[in-house]
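Hi everyone, thanks for coming. I'd like to walk you through a protein model that may be new to most of you, so please pull it up on your screens and follow along.

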Amino acid sequence: MLPRLFARFPKSRYVLAGARNRMPTQYHASDQNLRDYWQLFVNRRAYVIQSMQPHPESGRHFYFRPKAGREGDPLSLDETVIRHHLEGVITIGLYAMNPSSQRCKWIAVDGDYDGSLKHLCELQWELETQKVESALEMSRRGGHLWIFGEQPLIARDCRLLIAGVAQKLDIPVKSSGTAEGIEIFPKHDELKEGEFGNAVRGPLGIHRAIGVRYWFYGADYSFTNQLAYLNRVKRLSEQRLTTLIEKIGRPASRPEKKSASGAGRPRQTGQIRSSFRILEHVEVRRKVGRNWVTRCPSCAADGRDNGGDNLAISVSEPQKYICWAGCTKEMIRAALGHPIPEKRVTSYA
């Protein structure tokens, strides 16, 4: 298996030696397991990989998009990658939303704070009363609640449903710059061509930070039993989703992430407000004067910025950022998987 992996990911940035440190029980994924997993979770071919080794400064295992060589094109998801994920060779992250349709196969609600598992159980119970079935997955600090569509569902409506139920139950929804709360995947109402949104760790894989595989509550710990259980979860139809949104009502304030500088300001003539927010895609390390300082994604992709301080982001106007090593905004956005659209009126990123 390992020679095939090296052949598929030449010069990859993850190190297989890290997989040997705390590897849990080995499981074999059958061809049927791969087909079931693909049908349940894969909505597009783009994906990310969780790093085998922690970052030397933050200690976090970051995700990156794998490429065919250092300068090659991003690789596409296939059943071999799914097998490696399930069998513990790598850990992948999946994107909820396909920009070609603005739809998603599933909704995932992530609770990663103290008390979040209780909130997820309350959310699951309330959804059950509305005849919406879901599956609860274990996680490091809380859990992930998954809802599967009868067919790909409009992302905007998926977000409205969860936000509306959460507001009814007084469950906090995390947004940019706010305190802890649940996170809703998909995280965006819509994506432009070439954008990816936010990925979530693929279920049934191994979390590299602690070397543990997380399972769904409700089934024995094997791929066959787990996937069979998930296939029995009743799917949410588009008609039912629309009915529920009208019944529950739209939340008073949508869980939309807003830029710090743009809120409440009138849009100037000819200015286009971008949906891209740099703070959603980088980890702020420290504050220096009027700027947040962190690692430049473009520099990091080239193996530079060892100090992790090349990128400066304005605290008061976070849409303004600069790489002191000379990377352009186009290079930074491309490294994050959110290239700048060709036709833009504003100079802001």
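Let's begin in the loop between helix 4 (116-129) and strand 6, where you will find Lys131. This is a predicted model, by the way, so please hear everything I say in that light. Lys131 has a positive phi of about 60°, although it is not a glycine. Is Lys131 buried or exposed? Lys131 counts as exposed, at 63% relative accessibility.

There is another residue to set beside it. Gln102 also is not a glycine, and it too has a positive phi of about 60°. You can find Gln102 in the loop between strand 4 (97-98) and strand 5 (103-111). Gln102 is partly exposed, because its relative accessible area is 23% and the cut-off for buried is under 20%.

Now follow the chain from Lys131 into strand 6, which covers residues 135-138 and contains Leu136. With a relative accessible area of 6%, Leu136 is buried. What is Leu136 in contact with, once we leave aside its neighbours within four places in sequence? The list is Leu117, Leu120, Cys121, Gln124, His144, Leu145, Trp215, Phe216 and Tyr217. Take Trp215 from that list: Leu136 and Trp215 are 79 residues apart in sequence, yet their C-alpha atoms are 8.8 Å apart in space.

That brings me to the chain as a whole. Of the contacts in the protein chain with a separation of 6 or more, 68% are between residues 24 or more positions apart. The chain has 349 residues, and 50% of them count as buried. Its secondary structure comes to nine helices and 15 strands. As for the outside, the protein chain exposes about 17100 Å², with carbon and sulfur atoms supplying 49% of that area.

Next, let's look at how some of the helices pack. Two packed helices are described by the angle between their axes and the distance between the axes. We can stay with helix 4 for the first pair. Its partner is helix 5 (residues 155-168); the two axes come within 10 Å and cross at roughly 110°. Helix 4 and helix 5 are therefore roughly perpendicular to each other. Which residues make the contact? From helix 4 we have Leu123, Glu126 and Leu127, and from helix 5 we have Ile162, Val165, Ala166 and Lys168. Sorted by class, the contact of helix 4 with helix 5 has five nonpolar residues, no polar ones and two charged ones.

The other pair is helix 2 (residues 31-41) with helix 3 (residues 79-86), which pack at an angle of about 105° with their axes 10 Å apart. That makes helix 2 roughly perpendicular to helix 3. On the helix 2 side, look for Asp31, Leu34, Arg35, Tyr37 and Trp38; they meet Glu79, Ile82, Arg83, His85 and Leu86 in helix 3. By class, the contact of helix 2 with helix 3 has five nonpolar residues, one polar residue and four charged residues.

Now over to a loop with a cis peptide bond. The bond runs from Phe185 to Pro186, and its omega is near 15°. Pro186 is in the loop between strand 8 (183-185) and strand 9 (199-201). His188 lies in the loop between strand 8 and strand 9 as well. His188 is buried, with a relative accessible area of 9%. Outside its neighbours within four places in sequence, His188 is in contact with Met97, Ala155, Arg159, Gly197, Asn198 and Glu280.

I'll finish with the cysteines. A disulfide is a covalent bond between the sulfur atoms of two cysteines. How many disulfides does the structure hold? It holds zero. Let's check a couple of candidates. For Cys104, the closest cysteine sulfur is in Cys158, and the 3.7 Å between the two sulfurs is too far for a bond, because a disulfide needs them within 2.5 Å. Cys104 counts as buried, at 0% relative accessibility. For Cys323, the closest cysteine sulfur belongs to Cys296, again 3.7 Å from its own and too far for a bond. Cys323 also counts as buried, at 5% relative accessibility.

That's my tour, and I'm happy to go back to any part of it on the screen.

Definitions and conventions:
Residues are numbered from 1 along each chain as its sequence is written. This is a predicted model: local features need pLDDT of at least 70, side-chain atom pairs count only at pLDDT 80 or more; totals for chains, interfaces and linings use all residues. Side-chain values use heavy atoms; hydrogens and water are left out. Helices (H or I, at least four residues) and strands (E, at least two) are DSSP runs, numbered from the N terminus. Buried means under 20% relative accessible area, exposed over 50%, partly exposed in between (1.4 Å probe, protein chains only). Contact means heavy atoms within 4.5 Å. Axes are lines fitted to C-alpha atoms, for helices over the stretch in contact, and angles run from 0 to 180 degrees between N-to-C directions. Angles under 35 degrees count as roughly parallel, over 145 as roughly antiparallel, 65 to 115 as roughly perpendicular and the rest as oblique. Ala, Val, Leu, Ile, Met, Phe, Trp, Tyr, Cys and Pro count as nonpolar, Asp, Glu, Lys and Arg as charged, and the others, Gly among them, as polar. Accessible areas come from the Shrake-Rupley method with a 1.4 Å probe; for residues, only the protein chains shown count as cover.
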